[in-house]
Amino acid sequence: MKLAKNAAQLDGYLLQPWVAYWRLKMRLDEARPEEVEAFLRRKADTPLAQALRRDWLLTLGKRERWDLFLREL
C-alpha cells in the first residue's frame, strides 16, 4: 500500500501523526486494544485522539465488546 510505503519518509513532518492515525483507522477491525490505547496515550488531548476514540468506540460497539467500550468511554 502506498500509505505504508511512504509513511517512513514523513518522520518528523508536521502531518506525520495524521498518517499514523489513518494507518490505524483503516485496520481498527483487526487492531489489538493495546495498540489503540497506546496511540490514544501518545496523542492524548489532541484532535487525533478524539477522532480515533470515536472511531474505536464505534468499532467496539459493532463488535459488541462492551467491556472495552465502557472502559474507553
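Begin by selecting E72, which at 16% relative accessibility counts as buried, because the cut-off for that class is under 20%. This residue belongs to a predicted model, and E72 lies in helix 5. If residues up to four places away in sequence are set aside, E72 touches E37, L40, R53, W56 and L57, so show those five side chains as well before moving on.

**The whole chain**

Zoom out and colour by secondary structure: the protein has five helices and zero strands, and reading along the sequence gives the pattern α-α-α-α-α. Of the 73 residues in the protein, 34% are buried. Among the contacts with a separation of 6 or more, 42% are accounted for by residues 24 or more positions apart.

**Helix 4**

Select residues 47-62 next, which form helix 4. At 1.5 Å a residue, the 16 residues of this helix should span 22 Å, and the C-alpha atoms at its ends are 23 Å apart, which agrees. Within helix 4, colour L48, A49, A51, L52, D55, W56, L57, T59, L60 and G61, which are buried; what covers these buried residues includes helix 2, helix 3 and helix 5 (66-72). Just after helix 4, stop at E64, which takes a positive phi of about 55°.

**Helix 3 against helix 4**

Keep helix 4 on display and add helix 3, residues 33-42. Helix 3 and helix 4 pack at an angle of about 155°, with their axes 9 Å apart. Because angles over 145 degrees count as roughly antiparallel, helix 3 is roughly antiparallel to helix 4. The crossing of helix 3 and helix 4 is left-handed, and the contact is made by P33, V36, F39 and L40 from helix 3 together with L48, A49, L52, R53 and W56 from helix 4. By class, the residues of this contact divide into eight nonpolar, no polar and one charged.

While helix 3 is selected, pick out P33, V36, E37, A38, F39 and L40, which are buried in this helix. The buried residues of helix 3 pack against helix 2, helix 4 and helix 5.

**Helix 2 against helix 3**

Now add residues 16-25, which make up helix 2. Helix 2 and helix 3 pack at an angle of about 160°, and their axes are 12 Å apart; helix 2 and helix 3 are therefore roughly antiparallel to each other. Their crossing is left-handed, and to see the contact, show P17, A20, Y21 and L24 of helix 2 alongside E35, V36 and F39 of helix 3. The residues of the contact of helix 2 with helix 3 comprise six nonpolar, no polar and one charged.

**Helix 2 against helix 4**

Finally, hide helix 3 and view helix 2 together with helix 4, whose axes come within 11 Å and cross at roughly 5°. That makes helix 2 roughly parallel to helix 4. Here P17, W18, Y21, L24 and K25 in helix 2 meet L48, A51, L52, R54 and D55 in helix 4, and by class the contact has seven nonpolar, no polar and three charged residues.

Before closing the view, one may ask which residues of helix 2 meet helix 4, and which residues of helix 2 make the contact with helix 3. The residues meeting helix 4 are P17, W18, Y21, L24 and K25, while those in the contact with helix 3 are P17, A20, Y21 and L24.

Terms used
Residues are numbered from 1 along each chain as its sequence is written. This is a predicted model: local features need pLDDT of at least 70, side-chain atom pairs count only at pLDDT 80 or more; totals for chains, interfaces and linings use all residues. Side-chain values use heavy atoms; hydrogens and water are left out. Axes are lines fitted to C-alpha atoms, for helices over the stretch in contact, and angles run from 0 to 180 degrees between N-to-C directions. Helices (H or I, at least four residues) and strands (E, at least two) are DSSP runs, numbered from the N terminus. Angles under 35 degrees count as roughly parallel, over 145 as roughly antiparallel, 65 to 115 as roughly perpendicular and the rest as oblique. A crossing is left-handed if the near helix is turned anticlockwise from the far one by less than a right angle, and right-handed if clockwise. Contact means heavy atoms within 4.5 Å. Ala, Val, Leu, Ile, Met, Phe, Trp, Tyr, Cys and Pro count as nonpolar, Asp, Glu, Lys and Arg as charged, and the others, Gly among them, as polar. The expected span of a helix is 1.5 Å times one less than its number of residues. Buried means under 20% relative accessible area, exposed over 50%, partly exposed in between (1.4 Å probe, protein chains only).
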